[in-house]
Amino acid sequence: MTQVKNIQDSLKPIVALCKRRGFIYPGSEIYGGFANTYSFGPYGAQLKKNIKDLWWQTFVQKRRDMVGLDGPILLHPKAWAASGHLEGFNDAMIDCKACKSRFRCDHLIEEELKQSADGLSLEEMTHLVHSKKVKCPKCGAQDFTNARNFNLMFSTHMSKTGSEGDVAYLRPETAQAIFLDFKNIIDTMRVRIPFGVAQIGKAFRNEITPGNFVFRVIEFEQMEIEYFIRGETWEKTFEDWLKSMHDWCKLIGLNKARIHEKEHPKEQLSHYSKRTVDIVYDFPFGTSELYGLAYRTDFDLSRHAEFSGQKIEYTDPETREKFVPHVIEPTFGVERTILALLCDAYDEQQLENGEMRTVLHLHPRVAPVKVGVFPLMKKDPLGPKAQAVFDMLQAHFTCEYDESGAIGKRYRRQDELGTPYCVTIDFDTIENDTVTLRDRDSMEQTRVAISELVATLSAKLI
Ligand code: ATP
């Protein structure tokens, strides 16, 4: 992460809008909050659903080489030994002895010394912090402990005894469930290599320093694909997936200028990876990982075969050759997608009359509400007519009916939700069966016949 600024400065208006307009609430607020947990309110839940549905449609429904899976959050504890998470899924942490604040040591070095901590050992990091007399960002003291490893998996107990042997882990990534079911999938589905398995689900990480709103949380959703291939084809498949990930960013309307690739240097690759490229996004607090693409080799399937004692192989249907497939893994975080979309979309504009309007320029594909429907006034005959138009439209699009307050206020409210179009029913509607169609971004208003409204909106909302 580079150029980290205070969340207060950079994300404050977005965080405030999310709360005010029912997108994202702080978790357990009535109990004073529960740090780094969030609740997705009605519009946030719809936005999330739109993203997940579109992802599933794009990568599962529309492809002949992909199938879906919904695996469990709790896997056999041995799975985490096999995957390397028990031993290696650690971050280096360091504590300030004076104020007891805890930091991720690599982040502390990057932020305070403005140098990369990538690839440094615990000893090297400790030495840097002590010798360069790094100050605690919270209290200013120069008195840190040694850096030490902290496993990011949440654990829980399975039985009443609560003894050591009954520990289970909440999955820190969805990927492993796919590897555990690889055998079931090839035995029950008519899949042929190359093919992929996609999954959307919750993952949990006991992050040392979470923050920046929903960028780094302890409970989040991942949309992951394990794409099984013959090892020798990995380079081309990797490039194909990199392109597909950029296509996805375009599909949801992310600003191309803010998206870049970051290649992981060889010495910093995870234990399972031969090549990793992050898709990074210019967040207001710095350029940081949005998505990741990794070539995991045959590491996972081979390790699960070893630890489970089962044969995990693929048999080529033509040559009968047996081999352990390799895997390319594109991974997408739902919360980071939402945050990037909100950062792109958020805008404050001064109108000609001097008023300010806050607007979310969300792509219609992801916008939680597609059409706002308003009677100019509540009273007859406008109310019933508007209700009839609403009934017609809501069979096709997610719509919202609003009859309270001045019409300008109602437009402003939909602007803040990112609703691309509003339809207003006025006295002319009663005369000639036309309505006003108002565009969120240009604020232009046109007259459209009710009979053509569904077709007009369908064309605009693609
Ligand atoms: P980081 O370096 O930011 O900690 P990571 O490299 O550990 O991320 P991956 O293990 O590649 O992340 O996880 C895959 C995806 O899951 C990430 O690209 C991101 O979109 C999402 N993700 C990971 N950790 C979190 C988190 N704590 N909160 C929200 N999303 C996350």
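This tour goes from the whole chain to a pair of helices and then to one arginine.

The model is predicted: local features need pLDDT of at least 70, side-chain atom pairs count only at pLDDT 80 or more, and totals for chains, interfaces and linings use all residues. Residues are numbered from 1 along each chain as its sequence is written, and side-chain values use heavy atoms, without hydrogens and water.

**Whole chain.** Show the protein chain. Its C-alpha trace spans about 75 × 65 × 50 Å along the principal axes. There are 16 helices and 23 strands (DSSP runs, H or I of at least four residues for helices, E of at least two for strands, numbered from the N terminus). Of the 462 residues, 50% are buried (under 20% relative accessible area; exposed is over 50%, partly exposed in between, with a 1.4 Å probe and protein chains only).

**Helices H3 and H12.** Select residues 42-61 for H3 and 334-345 for H12. Their axes, 10 Å apart, make an angle of about 110 degrees (lines fitted to C-alpha atoms over the stretch in contact; angles run from 0 to 180 degrees between N-to-C directions). H3 and H12 are therefore roughly perpendicular (65 to 115 degrees). Now show side chains. Leu-47, Lys-48, Ile-51 and Lys-52 of H3 meet H12 residues including Val-334 and Leu-341 (contact means heavy atoms within 4.5 Å).

**Arg-20.** Move to helix H2, residues 12-20, and pick Arg-20. Arg-20 has 44% relative accessibility, so this residue counts as partly exposed. Add Glu-416: its side chain makes a polar contact with that of Arg-20 at 2.6 Å (a donor and an acceptor, N or O, within 3.5 Å; residues adjacent in sequence count only if both atoms are side-chain atoms). Last, select His-363, whose C-alpha atom is 21 Å from that of Arg-20.

Technical notes. Parallel < 35°, antiparallel > 145°, perpendicular 65-115°, else oblique.
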